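Visitor: I'd like a close look at one part of this model: how its strands are put together. Start there, then take me outwards to whatever else is worth seeing.

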Amino acid sequence: MSETPSKPVDSPADPAPPAIEVDHLECGYDGTVVLKDVSFRVRQGEMFFIIGGSGCGKSTLLRHLVGLNRPGAGSVRFFGLPFSDADLGTRRAQLKNFGMLFQGGALWSSLSLRENVALPLEEHTGLSRRDRDEIATLKLAQVGLAGFEDHYPSEISGGMKKRAALARALALDPAIVFFDEPSAGLDPVTSRRLDELIRGIRDTFGTTMVVVSHELASILSLADRVIMLDRAEKGIIAEGDPRAMAAAKGGDPRIKEFLQPATEAYTVRP
Amino acid sequence: MPGEAQSIPAAASVRTEGGALEVAVSGAWRLTGTCPSWNDAVAGLAPAAVRFRSEGIGKWDTSLLIFAFDAQQWCEAAGVPCDPSGLPAKAVTLLAQLGSSHPSSLPHERSDSFLFTTGVAAWKAWGSLREIFHFIGECALGAAGMVRRSKKFRWRDCIDQMQECGAMGLPIVSLISFLVGLTLAYQAAVELRKFGADIFVADVVGLSTVREMGPMMTAVILAGRTGAAFAATLGNMKANEEIDALETLGIPAVDFLVLPRLLALGLMMPLLVLYANCVGILGGMVVAAGILQIPPSAYWIETQGSIGLADINTGLVKAVTFGLLIGLAGCLRGLQAERSAVGVGRAATSAVVTSILLIILADSVYAVVFHILGV
């Protein structure tokens with residue numbers, strides 16, 4: 001977990017548009033504004049983390065990014081194309097380029113793991129059933145679930161569900177994968193293996209990764225860049241390399257406190 | 001000795017010293033045990049100050065804090081100083097926390113005026129109506145899309161649902177339909193016998209079953225059985241983010257989850273109603289044979305003469321409508337469910353209530369329409 005993350009695929013001089021452009025986004029639900037005036041860019045191939053304490057709006061922001069909630073104001077663009085302002089048909093067409101790993105996995109309980117992974121292929125490609133099943137088997141093997149293809153979600157552990165959900169998220173070889181608290185509820189070893197899996201996929205395919213997390217170990221080992229949200233400010237309070245932010249002298253105490261290693265945080269001071 | 005203090009019950013002894021009240025707390029203070037109350041301890045006394053001692057105290061919990069807090073409140077009201085420093089140090093800290101949190105923990109007024117509540121309810125009802133029409137429109141568009149690309153239709157799910165709401169529902173439909181036919185025949189027999197018109201029991205049972213009771217009772221059974229199941233399944237899927245997972249993959253939940261269920265119910269309801277009609281007529285036949293001594297063959301011939309194809313068709317038209325309404329209500333309530341166990345339960349209840357309401361509403365409309373058409 002101590003190695004430095006590899007560089008994102010593009011460089012600052014890369015003329016390609018950012019994978020994600022968020023401008024003055026207002027997020028909320030049921031009339032409550034959770035975040036306002038949120039703006040940031042995510043470069044192609046970047047491992048981008050959205051961090052912050054519980055209840056600061058990380059998952060809410062993610063739901064707005066992928067179109068599960070409509071923003072009150074502002075816009076989201078993917079690869080230069082409008083998304084949040086686009087009509088439903090255009091949004092659904094763009095969604096084929098994304099994968100999403102939900103906090104609880106969100107596998108379809110009535111389908112086997114193979115069927116779960118094959119469903120996006122069935123819906124969005126003209127592949128034969130045999131090809132779909134082969135791809136599903138391959139994706140499940142990539143996440144270490146070879147031999148579990150015909151199991152149902154209720155028959156596997158929480159960590160395996162997360163991995164199966166990751167295989168499903170990767171089924172269409174998406175350009176962007178969103179992760180909502182991938183380590184939540186996992187033991188440290190399983191969590192670390194999942195982190196390694198995520199890194200491996202990014203390094204192999206150059207996939208842009210957007211990860212919501214408050215797991216310090218994952219943030220410091222995986223993230224190229226983070227934005228930190230704050231509940232009171234209802235917006236971004238910091239943006240940058242998390243290791244530099246953690247090492248910086250002075251600065252916002254909220255950021256320092258959040259990025260303080262657990263061992264240090266629990267040290268009894270005289 | 002601390003060990004001894006654990007077995008001694010909680011006590012608070014008071015003594016007055018120079019106008020100040022010294023309260024000595026001792027023994028084991030447990031919320032689950034018997035603890036002294038401050039009002040009893042201070043009864044009949046009017047001290048100029050209150051202070052605590054706790055040398056003889058054993059284990060203590062929140063009960064000690066409540067005692068000390070009551071003392072503080074009493075002192076504040078009486079305008080006398082209170083010194084809790086003689087209590088265990090951790091209890092003093094917690095007491096300070098309790099004191100600071102107390103003003104903010106007062107319950108706030110949650111009741112609203114009648115006008116406000118009525119306005120909110122009306123607004124919600126309007127929103128709910130809009131959601132129903134929006135959902136119907138979404139289903140219609142989804143169905144039109146599916147006609148164009150029928151290969152994408154989830155036929156396997158549809159067949160599973162057909163088995164679930166059709167074949168699996170046969171036992172309960174049989175029982176209820178038989179009993180309804182039986183009851184109708186009994187009721188009719190009592191009156192018709194007075195006029196020597198026993199044989200017309202077959203007409204009453206046949207017509208009322210085929211035109212009204214068959215479709216209606218089958219629909220009510222399916223509303224409770226299948227509509228609630230649809231709402232619970234979809235509600236649970238929503239709580240587990242399975243529906244969000246579909247949406248993020250660009251797969252409309254309506255196409256994937258709702259249309260197979262609607263089609264299954266739309267196809268199975270007429271078949272179930274035909275079956276229910278037969279069983280209902282059989283129920284009437286049993287009463288006719290057993291009570292009125294009408295031979296089954298005579299009963300059957302009378303039934304055939306009284307029921308026309310138009311009567312059967314009206315029942316089937318109702319059956320298809322009721323089936324679609326149950327499916328729509330069940331799926332809509334499931335998709336609207338809150339993301340919690342309570343939300344899923346509410347969705348199932350709401351699906352049954354909405355289904356039955358819509359069934360009766362549609363039945364009334366059909367009664368008028370069929371009357372106008374002369375069917």
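Guide: Start in chain A, where strand S1 (residues 20–29) runs antiparallel to strand S4 (residues 73–78), with five bridges joining them. Strands here are DSSP E runs of at least two residues and helices are H or I runs of at least four, both numbered from the N terminus; two strands count as paired if DSSP finds at least two bridges between them. Keep in mind that this is a predicted model, in which local features need pLDDT of at least 70 and side-chain atom pairs count only at pLDDT 80 or more, while totals for chains, interfaces and linings use all residues. As for bookkeeping, residues are numbered from 1 along each chain as its sequence is written, chains are lettered from A and ligands numbered from 1 in the order in which they are written, and side-chain values use heavy atoms, with hydrogens and water left out.

Back to S4(A): Ser75(A) on this strand has Asp23(A) standing opposite. S4(A) also pairs with strand S5 (residues 81–82) of chain A, again antiparallel, through two bridges. You can pick out both: Phe78(A) is partnered with Leu81(A), and Arg77(A) sits opposite Pro82(A). These two strands make a hairpin with two residues between them, and Phe79(A) in the turn has a positive phi of about 50 degrees.

Zoom out a little and you get an open, antiparallel sheet of four strands in chain A, ordered S2-S1-S4-S5. Strand S2 (32–42) and S5 are at its edges with a single partner strand each, so one side of each has no neighbour in the sheet. Across S1, S2 and S4 of chain A lies helix H1 (residues 58–65), which runs at about 120 degrees to S1(A). Axes are lines fitted to C-alpha atoms, for helices over the stretch in contact, with angles from 0 to 180 degrees between N-to-C directions; contact itself means heavy atoms within 4.5 Å.

How far to trust chain A? Its mean pLDDT (the predictor's confidence in each residue, from 0 to 100) is 87, and 91% of its residues reach 70 or more. Residues 1–12 of chain A are the part to be wary of: pLDDT stays under 50 there, and the model has 27 contacts beyond four places in sequence for this stretch. Where pLDDT is low, the predicted coordinates should not be read in detail.

Now hop over to chain B, which has an open sheet of four strands too, in the order S1-S2-S3-S4 but with mixed pairing. Here S1 and strand S4 (82–83) of chain B hold the edges, each with a single partner strand, so one side of each is left unpaired in the sheet. Helix H3 (residues 62–78) of chain B packs on this sheet, touching S1, S2, strand S3 (49–53) and S4, and its direction makes about 165 degrees with that of S3(B). Strands S1 (residues 11–17) and S2 (residues 20–26) of chain B are antiparallel and joined by seven bridges. Among the partners are Arg15(B) with Glu22(B) and Glu17(B) with Ala20(B). Their hairpin has two residues between the strands, and Gly18(B) takes a positive phi near 60 degrees.

Further along chain B, helices H8 (residues 201–239) and H6 (residues 155–165) have axes that come within 11 Å and cross at roughly 145 degrees. Gln161(B), Glu164(B) and Cys165(B) of H6(B) meet Leu222(B), Arg225(B), Thr226(B) and Phe230(B) of H8(B).

H8(B) also packs with helix H10 (residues 253–290) of chain B, at about 145 degrees with the axes 8 Å apart.

Chain B is split into domain 1 (2–101) and domain 2 (119–373), with bounds from an automatic or database domain assignment. Their C-alpha centres lie 67 Å apart. The mean pLDDT of chain B is 91, with 96% of its residues at 70 or more. For the complex, the predictor gives an ipTM of 0.83 and a pTM of 0.79.
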